[in-house]
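Colleague: I would like to learn how to read the sheet and the helices in a model like this one. Could you walk me through it?

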Amino acid sequence: MNMKTILMLFMTISLASINVNAQTSEETMKDRAEKLHQTIKSKDKAVHKKFVNENYSKEFLDKVEASRHTGMLERLNKDFSDSKVVSMKVKENKLLMLIERNSDKHLVTFDISFDPKDNYKINGMGIEAGEM
């Protein structure tokens, strides 16, 4: 093989790996967001604790005690145990997850940030009424 062919092959492999990596990070964020929604729907405190320990970044757990995170999930369960995911939109290391309560069609957007240095684990979250 000549140098030009080797360079082209290297560039093709590099671009392919970038696309696979981008797809993987987006899928990881969507998967964690879906797991978050399933966890919110559960009343089981052990499920909440397991989710926090497995899906929150080290940095997020260092900032806020795990018991406060699980307490938030318990409160969200009271409001959103009867809900469905309407849409998810990923932009860089953030995901907007729109959920709707089945009972009254109330919409809420979860603005979730992820830590790319910690396997795209959840690094922060905000909740807004309505669609963002």
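Modeller: Gladly! Keep in mind that this is a predicted model. A good place to begin is helix 4 (residues 66-80), which lies across strand 1, strand 2 (94-101), strand 3 and strand 4. Against strand 2, helix 4 runs at about 40 degrees.

Colleague: In what order do the strands sit in the sheet?

Modeller: The sheet is an open one of 4 strands, ordered 1-2-3-4, and the pairing is antiparallel. Its edge strands are strand 1 (83-91) and strand 4 (121-129), each of which pairs on one side only. From one strand to the next, the twist averages 20 degrees.

Colleague: How many bridges join strand 1 and strand 2?

Modeller: There are 8 bridges, in the antiparallel sense. Lysine 91 has lysine 94 of strand 2 as its bridge partner. The hairpin of these strands has 2 residues between them, and glutamate 92 there takes a positive phi near 55 degrees.

Colleague: And on the other side of strand 2, which residue stands opposite lysine 94 in strand 3?

Modeller: That is serine 113. Strand 2 and strand 3 pair over 7 bridges, in the antiparallel sense. Their hairpin has 5 residues between the strands, and lysine 105 takes a positive phi near 65 degrees.

Colleague: Is strand 2 largely enclosed or not, and why?

Modeller: Strand 2 is largely enclosed by the rest of the structure, because 6 of its 8 residues are buried.

Colleague: What joins strand 3 to strand 4?

Modeller: Strand 3 (residues 107-115) and strand 4 run antiparallel, joined by 8 bridges. For a landmark, find valine 108, with alanine 129 of strand 4 opposite.

Colleague: Now the helices. How are two packed helices described?

Modeller: By the angle between their axes and the distance between the axes. Here, helix 2 (residues 45-55) packs with helix 4 at an angle of about 125 degrees, the axes being 9 Å apart. That angle makes helix 2 oblique to helix 4. Their crossing is right-handed.

Colleague: Which residues meet where helix 2 packs with helix 4?

Modeller: Helix 2 brings Lys45, His48, Lys49, Phe51 and Val52 to the contact. From helix 4 come Ala66, His69, Thr70, Leu73 and Glu74. Sorted by class, the contact of the two helices has 4 nonpolar, 3 polar and 3 charged residues.

Notes:
Residues numbered from 1 in each chain as written. Predicted model: local features only at pLDDT ≥ 70, side-chain atom pairs only at ≥ 80, totals over all residues. Heavy atoms only, no water. Pairing = 2+ DSSP bridges. Axes fitted to C-alpha atoms, helices over the stretch in contact; angles between N-to-C directions. Contact = heavy atoms within 4.5 Å. Parallel < 35°, antiparallel > 145°, perpendicular 65-115°, else oblique. Left-handed = near helix turned anticlockwise from the far one by under 90°. Nonpolar A, V, L, I, M, F, W, Y, C, P; charged D, E, K, R; others polar. Buried < 20%, exposed > 50% of the residue type's maximum accessible area, 1.4 Å probe, protein only.
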